[in-house]
Amino acid sequence: MKKILYFLMIGSLGTILGCKKIPDGNLSDIIRYEQQPMEIKQGRPVVTDAINPAGSTKPITIKLVKIYKSETGEDVTSLFLTKYQQRVWKKPYDPKTDTTQALIDAKQVDSMVYPITLNSVSGQLEANYNTVHLPLGLYKFDVDVSNVAGTKPFPGIAEFKIVPALAFEVPAVRSTAAIMVGDETKSKSIPSNADHIKVTQLSKQGNKITVRFLDKNGALFNPKKGEIVRRPQSGTAGGFLQTMQDYAVGTVLYDDRIEFTYGVVPFPLVSLGNGFNYYYRIPTKFVHFDDALGILDNTYTCNARFSFQTFESGNFQIDVIVPQVTRRVYN
């Protein structure tokens, strides 16, 4: 019996001495980005897809090591490590309450920021307006990834492409509808398309948007005299559908236009609902529909919707053209 116990002890000791320590965690060799190349629109706020940790133990830390041109291999890291001044938010912006420039300014602070940074937790590339200072083109970058298992280099892990972009967008196609006076449930759609909105950037400086409403012949409606008004919400809820006035810090009506002053960029920064669409109405007494539509005068209002968002400061003019409609002068 003693011999048996002796050999069991010797065997157990050998097993213990022969075991290797199991390493803490796992750091995969196939960590990668699924999207290739990632697209960054110049001058736009962009956040790319996150890195795929490929089963690595979390948390992981990603460190940007080098950026170079994909075609030539030229090291251009220094371009991306140059900081530029930008207004950043120190408190969340709320378009419902931050309705003056003073209230907006109180939530912002001037900072020096990189045009593109790499999120050390998710690996996402985070770009801002200052990419306007970077050359267009295709770039590759190296990272180091670390966790409890150690650190591994991943040279040339992914590519991103900086592409040109307009200063503004028209996110949704223009639309026009005739809605019956006294019964908002009855309407007729009037075909509208991208030709029925024209946006012109008048300057790169400033913070003003001028909106004009024109009939099919180019005659201008008069907002100051009530020819352009807000469109009521349908049903019994009351109130109005959103207009650009809901986002602006200043609105002035003129005989031939409405001027909006904006206080944030991008403008609008966030949507109050229904995307970045703005809903307006031409009262029935100011509009005559084409005979082909079969709408008698003084029976339907004309309702024009347009969409717009700018990503940089400047003065813009937006012409909203209302097809198959002629302006009537009401005395």
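The chain contains three helices and 23 strands, where helices (H or I, at least four residues) and strands (E, at least two) are DSSP runs numbered from the N terminus. The model is predicted, so that local features need pLDDT of at least 70 and side-chain atom pairs count only at pLDDT 80 or more, while totals for chains, interfaces and linings use all residues. Residues are numbered from 1 along each chain as its sequence is written, and side-chain values use heavy atoms, with hydrogens and water left out.

The radius of gyration of the chain, taken over C-alpha atoms, is 30 Å, against a value near 20 Å for a compact globule of 331 residues; the globule rule is 2.2 Å times the number of residues to the power 0.38. Along the principal axes, the C-alpha atoms fill a box of roughly 120 × 50 × 40 Å. Of the 331 residues, 38% are buried, that is, under 20% relative accessible area, with exposed meaning over 50% and partly exposed in between (1.4 Å probe, protein chains only). Among contacts (heavy atoms within 4.5 Å) with a separation of 6 or more, 71% join residues 24 or more positions apart.

The exposed area of the chain is about 17900 Å², of which carbon and sulfur atoms supply 55%. Accessible areas come from the Shrake-Rupley method with a 1.4 Å probe; for residues, only the protein chains shown count as cover. There are 38 positive and 31 negative side chains, and the centres of the two sets are 5 Å apart. Lys and Arg count as positive and Asp and Glu as negative, without His and the chain ends; each charge is placed at NZ of Lys, CZ of Arg, CG of Asp or CD of Glu.

An open sheet is formed by three strands in the order β2-β7-β6, with antiparallel pairing. β2 (46-47) and β6 (116-118) are the edge strands, and each has a single partner, so one side of each lacks a neighbour in the sheet. Two strands pair if DSSP finds at least two bridges between them. Two bridges link β2 to β7 (residues 125-127) in the antiparallel sense, and Val47 lies opposite Glu126 in β7.

Four antiparallel bridges connect β16 (residues 250-253) with β17 (residues 258-261). These strands form a hairpin with four residues between them, and Leu253 has Ile258 of β17 as its bridge partner.

Gly182 is located in the loop between β11 (175-180) and β12 (187-190). Gly182 is exposed, at a relative accessible area of 81%. Its C-alpha lies 8.9 Å from that of Tyr300, although Gly182 and Tyr300 are 118 residues apart in sequence.
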